[in-house]
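Trainee: Before we start, please put the model on the screen. I would like to go through it by asking about one topic at a time.

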Amino acid sequence: MADTIILEIARYSPERDREPTFKSYEVPVHKDWVILDALNHVKDKVDGSLTYRWSCRMGICGSCGIMVNGEPKLGCATFLSSYAGTGNKVRVEALRYFPVVRDLVTELSDFLAKLKKVKPWLIPDNEPPLSEGEFLQTPEQLENYKQFAMCINCTLCYAACPVVGLDSTFVGPAAIALAQRYNKDSRDGGTQERTAVLAHPEGIWGCTFVGECTRVCPKHVDPAGAIQQYKVEAVLQWARTLILPWGQKKSQKTREEAGSAAAD
Amino acid sequence: MDALMHDVLLVGGGGAGLRAAIAAAEVNRKLSIAVVSKVYPMRSHTVSAEGGAAGAVKPDDSLEEHAYDTISGGDWLCDQDAVEAFVKEAPLELLQLEHWGCPWSREPDGHIAVRAFGGMKKKRTWFAADKTGFHMLHTLFQTSLKYDPITRYDEWFVTKLLVDDGRVQGVVAIELMSGKIQAITAKAVILCTGGCGRVFPFTTNANIKNGDGMALAYRAGAPLKDMEFVQYHPTGLPFTGILITEAARAEGGYMLNKDGYRYLQDYNLGKPEPKPVLRSMELGPRDRLSQAFVHEERKGRTLETPYGSVVHLDLRHLGENVINTKLPFVRELCLKYQNIDPVKELIPVRPVAHYMMGGVSTDINGATPLAGLYAAGEAACVSINGANRLGSNSLPECLVFGARAGKAAAQFACEQSTANGKVAAQAEDERRRLENQFLRKAGGKERIATIRGEMQATVEKSAGIYRQEDFLLEAAGKLHDLQERFEDVALDDHSRTFNTELESALELGFMLDVAESIVQCALARRESRGAHQRTDYPARDDRNYLAHSLVFRNADGSSRVEYSPVTITRWPPGERIYGQQSAAKGEQAKTQEATFAQEKQAS
Amino acid sequence: MQQLTNAPLYTEYHPRWYRPHVSVYWWLGQWRYLKFILRELSSVFVAAVIVMTLFQLRALRNGPEAYAHFQQRMQSPVIIAFAVISLFFVVFHSITWFNLTPRAMPVRLRGKRIPEWMVAAPNYALWAIVSFIISWLVLGGRG
């Protein structure tokens, strides 16, 4: 393994630059260093103006998303040594398809607005008082949505999705996966409300199943799967409203789920 | 400068902060609530908590038992009225979170599952797989989106509390995105900024845990309580600080010094057996293991690595199968974040600073002595954790006291008139200070990273696992020097837009104040209790020190330590019993057996 | 996106965010994106094959003369080349479709999710069976 590696980092300061330029920094390679450690090394010892987000250093807070050689990655989960052979250069930029505020820091207000738009909170049909205890939920029912609940909001999926890049109104993979997390939660009754928001071209129908979002997700949430499943369900829901115009109640939904669970 | 105005202002948007915001919104929907956080709320350090949250709900359990475990685990420094309120409200808060959608792990019949945890004599720890804090924080964040009265100020860094007329009137904060320095006035301010692990060189804490709220309160004249009590976890990776769970030792891991010797046998922790034995060797109490490490280090029997001295945790003899089925998360963390494979390699570990029992001194409702200032979560010290926190108590602490502080602050705000205009001048002063000291300054020769490194080394040496007077005095002097050198710090980054170097400098300033308070409190407490171990005063002294230490900042910038009594209601101080001593006692031995069996299963 | 040349670079406290322009040729940047675009384009060839089959049916209906004329047209080198390319794209389309189906339809048996290849396999099996039957009918019928 080589002793040092060259990091080409995109630098952008709106007070000075019109667009990002690349600056090279030589950093030592240690077996247990990740890209984030290299960035910290540069900031502490070489150039204190290098700007990036990070916090937990263990892939759970979702702050450190960056592009490494054109791939969206978490800075804390990408080892320097895996690039030590590739001509000894690593290109580091801010996450693609987001506006860049400074160096490697992206602007996330749009993403947060999209998260809020899908109503990512529990909408139970009726909420018993706390004195009656918890909603019952079997481990199988928990499995139904657990995978979609693992999202750390790192936005790597947005950096991978070409639809996000081409259409800024597209709600995006993480937001739809989060909506599905609640739709599939047995305690929730808000599917229709969320579908009313998402069954549109800027919602689930904007997705063309490129599948890159699932590939880059560090937590194996499978947002592409979530969206395609939502498409199937949205069509079935629409068909049901056509055939049963007097409306679909949550009780019917749970009966169906119980029915399919029994059939399993 | 235009002032933004709100009724209740939260500094920090983690578990405690979001819970307090929701509680305040529920007191009165007409209140305007601001959550001001230097990171987006889902990045708060609550997210990395793994183990679980304790709540006594099962029929074989009782509030009294939970309270007793907490109080005895805290070496009787806990305020018992606060503990009683805590154990009563913890299950309700956890249930409320469940109603908000938190995916707690379940029994096959659909009820909440609980598991054992170190120090708890009954199974009462609720958990959401091995990512309890993550699920709790995301549930709170997503639920908070429902509440219109809550306005979030994401990535705004609070630099100072505005105080006038003996009352807190708001904060001054930098909007990181633009660099604009703004005053945000509020009738009540709640500090929920978490702990201060980054004062130490080896810590499980994230980069953002710099004791911001503690320093803000301290500088504003509110006292900090019990700052000398710092909890260490005996096995953390030295470089990243990632926690290696106790379960790795419970499955049969060995701890070896640099000669490959299971050194724990030298410290009255039993004899080395091939299989793990309860209460013995690697399954001994956490603080005894941390102390053994310090002794080994002093004898020169630990390994020196570029990241500090370590011992080794050996899991290789367990085999790949056992590791993959029983300890998959340990293997994943080591491989993914530090490139070490426990199946083939020795894991370097050392004690790492984990939790701060001390914090901003508050009463049972989160109120500090400074009117209008509240605190909750790890940033506060009520105190329910006393001299040593039990595992799985800190997540419910955020919820219970977050809710209490939110309610209390909201009620206080309802009774107040609007803040007066004098704070505008203070805010201008702060803006000028920041510009002169950091942004516009030419010259200066100190680098932030250098001062930070020296501070961390000083604190670890003097206020680490073992403390003694001469090291503490030396540290006090050294920290004073560092404070002076900090005045001479130079930034490379003079930009206004998202200046993280300025942020680091301000955080360093906070950490230096917090470090000083830790050292002063440790110096003043001449006994050993819980997590505070003095080699020169090894015994517990209930006569003189069954009291909380309160550290205040004097007008000249120095500090003074006072004491305030501990509230004892039902449980008079007893002895905190460890494995060895109880071996001879029949009934007690059985209970201890149960305790350590639970520690073995602890996450 | 060009900025007005007389607009100031920076106004205090109002940083200009850099918005990178996404090129119309974005899909050439990565082979995975290229593969995706080809997958989507394959539906054009699927449609083309269906249209050719419709013409074939019409020729059948119109009698042996029309059908002979049709067969003659099909033998032109351009049409043969097009047919070969279409065959490749139809096969590509089917494989990618079958491989993606399990993502959209998680099947749970006794609480556990069935692995993806088990959901895709019946599709392949059915494809093989139907193809075999049709080939046997079309080719075997001659003998």
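The exchange below takes up one chain, one sheet, one interface and one helix pair in turn.

Mentor: This is a predicted model, in which local features need pLDDT of at least 70 and side-chain atom pairs count only at pLDDT 80 or more, while totals for chains, interfaces and linings use all residues. Residues are numbered from 1 along each chain as its sequence is written, and chains are lettered from A and ligands numbered from 1 in the order in which they are written.

Trainee: What percentage of the residues in chain A are buried?

Mentor: A residue is buried if 20 or more other C-beta atoms, placed from the backbone, lie within 10 Å of its own. Chain A has 264 residues, and its C-alpha trace spans about 65 × 35 × 35 Å along the principal axes. The buried share of chain A is 53%.

Trainee: Which strands stand at the edges of the five-strand sheet in chain A?

Mentor: Strands are DSSP runs of E with at least two residues, helices are runs of H or I with at least four, and both are numbered from the N terminus. Two strands pair if DSSP finds at least two bridges between them. The sheet is open and mixed, with the order 2-1-5-3-4. An edge strand has a single partner, so one side of it lacks a neighbour in the sheet; in chain A these are strand 2 (21-28) and strand 4 (71-74).

Trainee: Which helix of chain A supplies the largest share of the side that touches chain C?

Mentor: Residues are in contact if their C-beta atoms, placed from the backbone, lie within 7 Å. By that rule, 25 residues of chain A meet 23 residues of chain C. Strand 6 (100-102), helix 3 (139-146), helix 5 (162-166) and helix 9 (223-243) of chain A each give at least two residues to this side of chain A. The largest share, five residues, comes from helix 9 of chain A.

Trainee: How are helix 12 and helix 14 of chain B oriented to each other, roughly parallel or roughly antiparallel?

Mentor: Axes are lines fitted to C-alpha atoms over the stretch in contact, and angles run from 0 to 180 degrees between N-to-C directions. The axes of helix 12 (residues 448-462) and helix 14 (residues 500-524) of chain B come within 11 Å and cross at roughly 20°. Angles under 35 degrees count as roughly parallel and those over 145 as roughly antiparallel. Helix 12 and helix 14 of chain B are therefore roughly parallel.

Key:
Contact = placed C-beta atoms within 7 Å. Buried ≥ 20, exposed ≤ 12 C-beta atoms within 10 Å, placed from the backbone. Parallel < 35°, antiparallel > 145°, perpendicular 65-115°, else oblique.
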